[in-house]
Every structure is written in structure tokens, then in C-alpha cells.
Amino acid sequence: MFKNFFKVAVRNLVRGKGFSIINISGLAIGMASAVLILLWIQNEVSYDQFHAKKDRIYEAWNKAEFSGDLNCWNTTPKVLARSMERDLPEVEQAVRVDWGSNFLFGIGDKKLTVPGNIVDSNFLQVFSFPLLKGNPLTVLKDMHSIVLTETLAKKLFSGQDAMGKVIKIDNKENFTVTGILKDLPNNTRFKFEYLVPWAYKRFLGDDDQNWGNNSTRTYVLLKPNASVAAINAKLKTYKRQYDKEEPKWEMFVYPMSKWRLHSSFTNGVEDGGGRIEFVRLFGIIAAFILLIACINFMNLSTARSEKRAKEVGIRKVVGAQKISIIGQFIGESILLALVAGVLAIFIVQLSLKGFNELTDKKLFIDYSSVSFWLTGIGFIIFTGILAGSYPAFFLSSFQPVKVLKGTFKKANGLVTPRKVLVVLQFTFAIILIICTIIVKQQIDYARDRETGYNKNNLIYHLFTGDLEKNYPLIKNELLASRVASSVTKTSAPPTQSWSDGWGQEWEGKDPNDKTDFYRYNEDEDLGTTAGLTFVQGRDFNLKQYPTDSTGMIINESALKIMKFKNPIGKLVKDNGRQWHIVGVIKDFILTNPYEPTKPMLIAGSKAWFQTILVKFNNKNPVSRNLAKAETIFKKYNPAYPFEYKFVDEEYAKKFSDEKRTGTLAGLFAGLTIFISCLGLFGLATYMAENRIKEIGVRKVLGASVTNITTLLSKDFLKLVIISFIIASPIAWWAMNKWLQGYNYRINIQWWVLALAGLLSVMIAIVTVSYQAIRAAVANPVKSLRTE
């Protein structure tokens, strides 16, 4: 019996080559799209889930009220880790991680700057990053020990065994390689190429005991069966024991299982948001793309029901049960899904490189995994059953007497399952079109927002080696050689905030005020270099006004908080020093372009600095400016490479997540439309075949090509218009909800919905009209010859 079913299935595939190609192509593209999305989802949900002690690893968080909101964040005081180990019996170990290390590595004549982490010596006892060489209990015990990743070790020592080799860091200290780590997987929040023990940070004098300096991340390993509720109850008032100035400050621990996908809080309460929303969104997209591909199969199978009706009738007459016929048709759909599945794997393999570049991941298919093959077979069977279920029940329900008498008629009512399925297909496609347009509009809206400074021809370079010591000489030579029109030093790049704080004092301050201010520093000429606009006062000028070393510039948002009528000359106390206001600038975007600008304090040269900001002379070619600047930097800092960044390029990176989301939505919208159009093309082809004699009669009676084309196309266009009517409110609701996550956002315009509707109608017309026109121009003599 199974052999017979298989032969019949193969014959039907071969007999209807065109429809088989459409079915297999649609299913293959749908399955490939779903597989790519599922690989992305699997990567997201598996973040940091490979650690053996993952269920006991937590991250320490702060919770405190600033600027009228209860805020939560995950940087903590450096002193917290040892205090928790000492004071809280539930804590087995605590680990600090400093993410911002970029040491210069020197091995002989080879020098390069490498990103890494400074960690406590027990880091590899808490986290399960596999060591290829070395003992996790001892690799970071010595202050001058270093652990490298496998790739970095090969790069530094040209494939030789790195264990025991010596690396000079920052041209100062020699470190011995005590361990080699397997390269980090793609699904971890940790990004480092080496680990250096915390003892070295202490040696550098950067391990303070200040409970107000939240500058590091603290991870805790709880003891087995420890109560998270109990430790959080203690942490609620824990900081108050050491910092009496913050009576309402709270802390809590947050589980590793939520780090990647959640970590979103509103007014101190977890709000269910975060990356999990993207995972849900793309999970829904994967399901709908697969469903649309299956709908094509359902529609084409039921549309061709007359071709199989007599076969079903004969089978029933000779004794076949309904369940047997259902099994036959589902078996055929599983066979077709198997062919489509093999094709889908080829499509996925060809697409993975581009998809990885688009998503910034390293996704791959592990063909050696048994679970992959079991999951793949299950996925194919599921797809086959989903695609074949409705046709199987539809075809098995034919009454043999009517079929064999020739009185069987196809359903052609106002509402049929086939029409519902076409409407469902295009509804989802139109929703994705609308979402893609709105995401692009939101990105463009934020990108075109006035930044408050001039990004063009502006570069920055971090202080490395002797740059800070030789800064005056470098500045003078850049200006004298006409490479730069202006130079200043700052505490951070103009696209980032590296410090913020509260507790400042000024005349007339509300005692209950807890505003959080961005802290930024410059020596002089920031206004000229970055193109800031002063609304009151002036920029720092140390030659003319030496007291500007303790001067301060505030932005308009800060002025609103301080409520000074005449701010120039007013005193502000911050970080234990009195600063006097010399100028007020217009707000400029320091961090998130989708959020309102925050109050900012820019302190003078008595503050700290980490960056050189250079405005290139726009009269010179950029390549010439860069070459000359590199020569000058190398002259005064020969041991370090010239590692600059353009401010406009760094600012553009702020839109990368939204741009990636928009590109993915557009890609899958295109695939959804393509799969839907494949089905629509197949239905139009079959419709034209079935009505060929009717078309011939109409032409003989005088119908024009336009009349016949309209007749054949209008039913499909009605379905697309119904889809648009259903899709528009759904898309508007979904995108309006998405936009609520941005303070600086667009309003959804009616024309966006109209444009999506027009595009969908035009696509449907192009898809259907080919077959309609082909049928309309056919010679009626050929179609009526047998009558």
C-alpha cells in the first residue's frame, strides 16, 4: 500500500510540474526563512547558558531615585564584592569585572592594542569559560599573570606555545602567560581577548573604597539552596550601613537567565521589556512565514481538487476508508516537504554568511549534532502535516457517487477557506510592509535630529602612553602645521557619557532635588572644536582667564534645573570642588538620540581627561590630514599606534540596532510577499486553465482583452483590499506600541498605510495580470475546438 501511495505521489508531482515547482519553491523559501530566524532565536535565548553554575550566578544591581524616577543599573562600587563575601552568608564567591581595558601588548618588535577585562582571581571558578591550558584555581593568582584566548595567543606568538611566554603591557610591566582560553562563544555578554588579575588594578592605584563610585560590575555566586528573596531583603538596606548619605539607596541581585533578554525596568520595577520583545517578534514572523508557505500548498492543492476527485471516488468505491485517504494525502505533503526541506538547507547554507553580517552574529548549523537531525526531521514532518492537513480532509470528504457521475462541483461561495487563506497571507505581508516603512521613518527622524554640534571632520583619540604628558606639544604642532583648525582635550568622546552623578550644590537648590547630571570636562576651545552654540557667556580661555581652570559650562537643561536668572558667575559645588559658571550652551546629544537631552555640567582643566578631540582643517584632503596627524602623534607617542575614530561614524552606530531591525523586517516582508505571490500566481494560472472555454465564448461574443483581464483579476484584488483593511489597524496598533519605547518619536501618518495598500495592490496586479492577459489574448478557436 505504501509503495502504491509513493508511486501515486511521485506521478502527481511529475504530472503537474509547474504546480510542484511553485509548491516546493514556496515551502523551501518559507522553511529556510524560518530556520534562519530560529537559529537567531536559539542564539539569543542561549546567551550565557553554557556556564555550569548558571542557576547560582547573579549580578548586583543598584536601585535609587534620581530626576523623579526610580532607576535601576548594574554598575556598582569596587568595594562591594569583598563586602558581600564578608557580610552575607548566602554568597559563596563574588567577582568584579572591569570591562574597559585596552592595554598595549609588546612582544619584541610586535605591538598592538587589545581589548580585555581586569577580573578577580576567582573569575574562572565562577564562570565556565574552558581553559585549554592552565589551572582555573591558580591562573590569575599572581599579579603579573595573564590569560589569553586561543586566537590572541596564536596572533601574538605566531602559532608557538604561548604558555610561560612574557608580554610587556603598556611598555611598563612584564606579564607571564599562565593560561590559554578557548575562544569565547558568540552567545555571551563577555567580550575579551585576555584576562588580567584585579591585583594589577590595585597596583595601579585604581581600586578605591568609595561607596559612591559605581564603576564596575559585580557578580555573585550564591551557595546551593540559598534564598534569593532573603539576600535581596538584606540588600535593600545594605548600602546604608556604609554610606549614610544615601538613606533610600537599595541593591538587589539579578539572575543570569534574565541578563540578555530582560534587564528592562520602569520606575524600579521589571517591565517585561528588553530584547525578549525582539525574540517574540521574530518568532511570530518565523511562524507566519512558514504558515504562508503552507497556505500556498493548501490553496493550490484544493484548487486542483477536480484533478484528484475521480481518484478519490474510485478509492472509496473499492473500499478505501477516509482515514486511509487522509493518510495518503498527508504522506504526499510530507514527501513534498522533505524535498523542500533539503532545498531549504542549501538555501540556509548559502544565506548564512550574509545573514550573519546583517545580524552581527556567528550562526552556524552543527551537522554532527544528533539533535539537529532529529529537530530537522520533526520540523519537516510538522511542516508537511501543517501544509497537508486541510487538503487531506477536503479531498477525503468527496462523495464518490457525485464525483463518478460528474455532478461534483467546486465550492465557489462568497466566503471559502481558500479565500480566507489568501486574505491571511496578504494581511501578514501588508503588516510587514507597514512596519518596515515606519521603522525606517523612525530611524531617519532620529538621525536627522539636530545634534547640537558639528560632527564633520571631527576625530577623537584616547589618551595612551605619553599623549597626556605631551598634549600641549601635540596641540601646538597640529595647529601650526594647519592639520587642525582647533584642538581640545575632554573627559570622553562627544558621543558618550563616561560619568554622571548627583548631589551637587548651588544657590537656591531645592533640598529634595536629586537630579542626575552628565559630567563632562574640557580644558578650552570645546565650543570651537565641536561647534557648540553658546546662549550665554563664553567658552574657557585659559590664556586670557586663568581662573577658567575651575570654570564650568552648563547646558540649557541644567539651567532649567538650577533656575538661575543670571547664571554667569554662580557657584556650583561638585566632587568636592567649587566651580564658577562662565557659559551656557544649547543642549547637544551626548548619548541616546531617541531620548531627551539631560542636564550637563562641563568642568574646566582642574578635572580629569581621557581624550583628544581634533577638528581637521577642511581645506585639506582628509587623507592628508590623517597622514600628517599620525606623524605628529607618533613623534610624541612612538610606542603606541595611532588609533583615531571619526565622530560622525561613531554617532551613526547609535542607530545600528534599529537599522538592523528595519532591514530584517524589510527582508522578511519581501520574502513573505514573494511567497504569497508565488501562490497567487499558481492560483491565477489554474483559474485561467479552468475558465479557458468561458474565456473563448466571451471573446467570440465580443469581449475585449481588457474586459477579460479585469474579469480574471478582480476577485484577487478584492481579497488583497480586504487584507489591507484588516492589516492596517493591526499594524498601526503594533507600531504605535513599539514607538512608545522612544521619547523622541514620529507620529504614524495615514499615507504610510495608504502607500502599503497601494504597493500590495500593485504587486497583486502584476502577479495576476500576466496569466490573465495570457488567457485573454489566446485564440478562442483552440479552446472551443472540442465543443
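**View 1. Helix α21 has a span that agrees with its length.** At 1.5 Å a residue, the 35 residues of α21 (residues 705-739) should cover 51 Å, and the end C-alpha atoms are 47 Å apart, so the two values agree. Look also for S713, where α21 bends by about 40°. Please keep in mind, here and in the views that follow, that this is a predicted model.

**View 2. Helix α10 falls short of a straight helix.** Here we turn to α10, which runs through residues 322-359 and has 38 residues. A straight helix would reach 56 Å at 1.5 Å a residue, but the end C-alpha atoms of α10 are only 48 Å apart. Where does α10 bend? Find L352: α10 bends there by about 50°. Just after α10 comes D360, with a positive phi of about 60°.

**View 3. Strands β1 and β2 form a hairpin.** β1 (residues 57-66) and β2 (residues 69-73) run antiparallel and are joined by five bridges. To find your way between the strands, start at E65, whose bridge partner in β2 is L70. Two residues lie between the strands of this hairpin, and S67 takes a positive phi near 50°.

**View 4. A salt bridge links R96 and D207.** Side chains of opposite charge can pair when their charged atoms come close. In this close-up, the side chains of R96 and D207 meet at 3.4 Å, N to O. R96 belongs to strand β4, while D207 sits in the loop between α6 (198-203) and β11 (214-222), so the pair ties together parts that are 111 residues apart in sequence. The structure as a whole holds 32 salt bridges.

**View 5. The second largest cavity draws part of its lining from strand β4.** Rolling a probe the size of a water molecule over the atoms shows where empty space is left. A search of the whole structure finds three cavities of 30 Å³ or more, and the second largest holds about 40 Å³ of space. Its lining is made up of N102, F103, L104, T113, H461, T464, Y640, P641 and E643. Which strand gives the largest share of this lining? That is β4 (residues 91-107), with three residues. By character, the lining has four nonpolar residues, four polar and one charged.

Methods
Residues numbered from 1 in each chain as written. Predicted model: local features only at pLDDT ≥ 70, side-chain atom pairs only at ≥ 80, totals over all residues. Heavy atoms only, no water. Pairing = 2+ DSSP bridges. Helix = DSSP H or I, 4+ residues; strand = E, 2+ residues; numbered from the N terminus. Expected span 1.5 Å × (residues − 1). Bend = angle between axes of the 7 residues up to and from the residue. 1 Å grid on protein atoms, 1.4 Å probe; cavity = no way out; pocket = protein on both sides within 12 Å on 5 of 7 lines; lining within 4 Å. Points joined across faces, edges and corners; volume = space filled by probe spheres on them. Nonpolar A, V, L, I, M, F, W, Y, C, P; charged D, E, K, R; others polar. Salt bridge = Lys/Arg side-chain N within 4 Å of Asp/Glu carboxyl O.
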